[in-house]
Amino acid sequence: MTAPAKAYPLVSVRNLSKHYALRTWWGGKASVFRAVENVSFDIRPGETLGLVGESGSGKSTIGRAVTMLNPPTLGTVAFEGTDLATLSPLAMRGMRARIQTVFQDPYAALNPRMAVGTYVAEAFKLHRPDMRRLERREAVAGLFERVGLDPRFAGRFPHQFSGGQRQRICIARAIALKPSFIVADEPIAALDVSIQAQVVNLLQDLQDELGLSYLFISHDLRMVRHLCQRVAVLWRGRIVELAPSDLLYENPRHPYTRRLLGAVPVPDPAAERARLAAARTEPESSPSEGGELAEVAPGHWVAGH
Ligand SMILES: Nc1ncnc2c1ncn2[C@@H]1O[C@H](COP(=O)(O)OP(=O)(O)O)[C@@H](O)[C@H]1O
Ligand SMILES: [Mg+2]
């Protein structure tokens, strides 16, 4: 948006897969569960990319892999052209300041026994040892104001706030170190509907101000329309469609995207049921060509089906 165009994307994910070894409770042979399979996308400076799919489709797994909180099994994540896996622990620490996450449940993210101002100040304690106490206090007060909270509340504890206020506290901590990229993993899903728009507006204002990029994760395709320049639709760990928002909503091409939009014309329910059942029984290890994305219009990618 406000950020200047750069030669390389801010975030570049290539062929990312995440496999989990599943152990049987009786000690039988472990199997491999492919939670995310061969996912690639870019995020440009200042852009919001939506990542949408139903529960269990692998959204959070991708979010954690992109931030290296839970690194990928295969594939690469590059930030400003640097493969994150090649960074030394020290360089990765510096990188952590620039890549932040906001989670669905702010109460779980906060420490119930820590004053919220201390929680926000921790970001400075960890990454800015040069800052003095008073400087930190002022910076925290400024952050509280920036996210719409009274700085006098900084001494209070998480249970003394509403859900929306708690998410504002988490956002204050996320922006404390002036990151360039935030993974927002269903950041409003746990909030009252009346509060959701306020938090979305805050995230958008911060984006304009700080030139932030977001990976905005949601299970609700309709919700992300106005928030995201582009949207990727995830189905069983694979991206089945990726397009600029308008194209995706006006001309969804993949059957799963249409289903998510609730816009599937179902002339023959029996045929539709059969088709869905067939899709479900598709072998997990289908040849990768079947899932390869093809560009059907400029910037509009659809998995072969
Ligand atoms: N640590 C783990 N071990 C085994 N399976 C996991 C682990 N974490 C996630 N999964 C599985 O991976 C799939 C994707 O999970 P997740 O990324 O949380 O999906 P989403 O965020 O879209 O709801 C789910 O089937 C989930 O059960
Ligand atoms: Mg999730």
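Student: Is the crossing where helix 4 passes helix 5 left-handed or right-handed?
Tutor: Right-handed; that label is for a near helix turned clockwise from the far one by less than a right angle, and anticlockwise would be left-handed. This is a predicted model, where local features need pLDDT of at least 70, side-chain atom pairs count only at pLDDT 80 or more, and totals for chains, interfaces and linings use all residues. Residues count from 1 along each chain as written, chains are lettered from A and ligands numbered from 1 in written order, and side-chain values use heavy atoms, without hydrogens or water.

Student: What makes the Phe153 and Phe161 pair edge-to-face?
Tutor: Ring centres must lie within 6.5 Å, with planes under 30 degrees apart for stacked, over 60 for edge-to-face and tilted for the rest. These centres are 6.1 Å apart and the planes sit at 65 degrees, so edge-to-face it is.

Student: Why is the Trp235 and Tyr256 pair called tilted or stacked, whichever applies?
Tutor: Tilted, because the planes are at 40 degrees, with the centres 6.0 Å apart.

Student: How do you know whether Phe161 is buried or exposed?
Tutor: Buried means under 20% relative accessible area, exposed over 50%, partly exposed in between (1.4 Å probe, protein chains only). Phe161 has 6%, so it is buried, whereas Phe153 has 22% and is therefore partly exposed. Trp235, at 18%, counts as buried, and so does Tyr256, at 3%.

Student: What sits over the ring of Tyr119?
Tutor: The charged end of Arg173, 4.8 Å from the ring centre; the rule asks for NZ of Lys or CZ of Arg within 6 Å of the centre and within 35 degrees of the ring normal.

Note on methods
Helices (H or I, at least four residues) and strands (E, at least two) are DSSP runs, numbered from the N terminus.
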